[in-house]
Amino acid sequence: MNSSGLGLGYEGGKNEAEKKLAGDIRRCFSRTGLVYVIFLMVSMASQWLAVIILEHTGLAEDMSWNLYMLIAMFSMYPAAVPLTGLLARWVPSAGGTGHERWGIGKLAGFFVFSMGILYAGNIAGVVLMGVAGIIKGETIVNDMQEVIMSMNPGAIILSAVIVAPIMEELVFRKFLLDRIAGYGHWTAMVVSGVIFGVAHGNFYQFFYAFGLGMVFAYIYLRTGRVGYTIGFHMLINFWGSILPMGLLKIAEINAVMGGILAMGNMMMMLGFMICALVLFCCCRRDLQFDRGIQGLSAGKKSRAVWINIGMVLFLLWGAVTFARSL
């Protein structure tokens with residue numbers, strides 16, 4: 001065989017290998033998207049069913065608002081979380097997570113960085129919704145914030161600080177990343193961040209949820225310890241729910257003291273964002289990202305990850321949900 005024939009054979013084999021790899025990636029992430037569409041559907045259906053039962057049986061009339069909200073919110077977990085864990089096994093597994101042990105110093109640094117992401121993302125969401133409100137001609141209410149502020153501290157701690165972080169880290173980190181880690185850390189982080197952000201269902205929460213989702217994904221991918229991300233999630237939810245409620249209560253009692261504390265909170269927010277930026281600039285070279293399975297260009301890999309039935313359906317679901325929140 002002449003040299004040109006050998007060249008054609010090599011190119012043909014390379015193209016076939018790329019097509020097979022692209023097909024494998026497309027299949028994996030299509031199933032991933034479908035799993036999370038089902039998760040959102042079952043979560044919504046469970047909450048609707050719980051509310052219907054409470055209202056039509058008259059049980060809602062005999063319970064407090066806090067208990068009513070806890071039942072409505074928790075109703076999604078018994079069905080949606082175990083089902084997602086089972087369905088995740090349908091996604092072809094590629095690779096696995098690391099097993100690093102992190103000391104308190106490194107964990108503290110990532111916590112500070114996470115807080116900076118939280119506040120920066122929150123500002124981005126508030127600004128975007130402010131602009132959208134101006135265009136729409138009316139204030140767009142942050143429904144989740146309204147719900148949280150209507151509950152007492154005990155109910156908030158039980159729901160937002162204890163139960164939700166455990167369930168969400170299982171669903172959006174462990175179940176997901178155990179299946180897709182082998183396709184590279186950046187791919188896994190972005191997918192985890194997008195799915196986590198879209199699942200929050202509104203632009204107020206999307207940006208910080210997306211950022212935190214990526215950070216938590218990195219932590220889990222490097223360590224394989226979902227306990228780390230659950231702990232981070234609990235601390236951040238406590239900081240983002242109980243603290244603002246406390247400031248509001250103080251402002252209602254003493255406007256001057258409330259204003260002083262609010263100013264201090266703003267300075268703290270700015271401090272966390274500055275520290276997060278400094279940490280990233282100083283430590284970014286220490287971050288390690290496994291490249292995962294190779295064989296496709298970045299563009300072809302990205303198209304295989306996102307342009308498939310499952311992911312398109314998931315993003316469409318998100319688009320409709322976000323549009324309804326405006």
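**Figure 1. Helix 7 passes helix 12 in a left-handed crossing.**
The model is predicted. Helix 7 covers residues 185-199, and helix 12 covers residues 309-325. The two pack at an angle of about 35°. Their axes lie 10 Å apart. Helix 7 brings Val-191, Val-194, Ile-195, Gly-197 and Val-198 to the contact. Helix 12 answers with Met-311, Phe-314, Leu-315, Gly-318 and Phe-322. By class, eight of these residues are nonpolar and two are polar. No charged residue takes part. Angle and axis distance are quoted here because two packed helices are described by these values.

**Figure 2. The whole protein chain is built from twelve helices and zero strands.**
This view sets the context for the close-ups. In sequence order the pattern reads α-α-α-α-α-α-α-α-α-α-α-α. The C-alpha trace spans about 90 × 55 × 45 Å along its principal axes. The chain has 326 residues, and 42% of them count as buried. Take the contacts with a sequence separation of 6 or more: 83% of them join residues 24 or more positions apart.

**Figure 3. Helix 8 is mostly covered.**
Helix 8 runs over residues 203-223 and has 21 residues. From first C-alpha to last, helix 8 reaches 30 Å. That is close to the 30 Å expected at 1.5 Å a residue. Of the 21 residues, 18 are buried. What caps the N-terminal end of helix 8? Asn-202 does, with a side-chain oxygen 3.1 Å from the backbone nitrogen of Tyr-204. At the other side of the view, Gly-224 comes just after helix 8. Gly-224 takes a positive phi of about 70°.

**Figure 4. Gly-130 of helix 4 and Tyr-204 are 9.9 Å apart, C-alpha to C-alpha.**
Helix 4 spans residues 104-136. In sequence, 74 residues separate Gly-130 from Tyr-204. The backbone nitrogen of Tyr-204 also appears in the cap of helix 8 made by Asn-202. Is Gly-130 buried or partly exposed? The relative accessible area of Gly-130 is 34%, so Gly-130 is partly exposed. The cut-off for buried is under 20%, and the one for exposed is over 50%.

**Figure 5. The side chain of Glu-18 makes a polar contact with the side chain of Lys-300.**
Glu-18 is found in helix 1, residues 3-56. The polar contact has a length of 3.1 Å. Which residues does Glu-18 touch, leaving aside those up to four places away in sequence? They are Gly-295, Leu-296 and Lys-300. Glu-18 has a relative accessible area of 15%, so this residue counts as buried.

**Figure 6. Asn-265 of helix 10 touches Tyr-119, Leu-243 and Leu-247.**
Residues up to four places away in sequence are not counted in this set. Helix 10 covers residues 255-283. Why does Asn-265 count as buried? Its relative accessibility is 18%, and buried means under 20%. One of the residues touched, Leu-243, is 22 residues from Asn-265 in sequence. In space, the C-alpha atoms of Asn-265 and Leu-243 are 9.1 Å apart.

Conventions: Residues numbered from 1 in each chain as written. Predicted model: local features only at pLDDT ≥ 70, side-chain atom pairs only at ≥ 80, totals over all residues. Heavy atoms only, no water. Axes fitted to C-alpha atoms, helices over the stretch in contact; angles between N-to-C directions. Helix = DSSP H or I, 4+ residues; strand = E, 2+ residues; numbered from the N terminus. Left-handed = near helix turned anticlockwise from the far one by under 90°. Contact = heavy atoms within 4.5 Å. Nonpolar A, V, L, I, M, F, W, Y, C, P; charged D, E, K, R; others polar. Expected span 1.5 Å × (residues − 1). Buried < 20%, exposed > 50% of the residue type's maximum accessible area, 1.4 Å probe, protein only. Polar contact = N/O pair within 3.5 Å; in protein donor to acceptor, adjacent residues only side chain to side chain.
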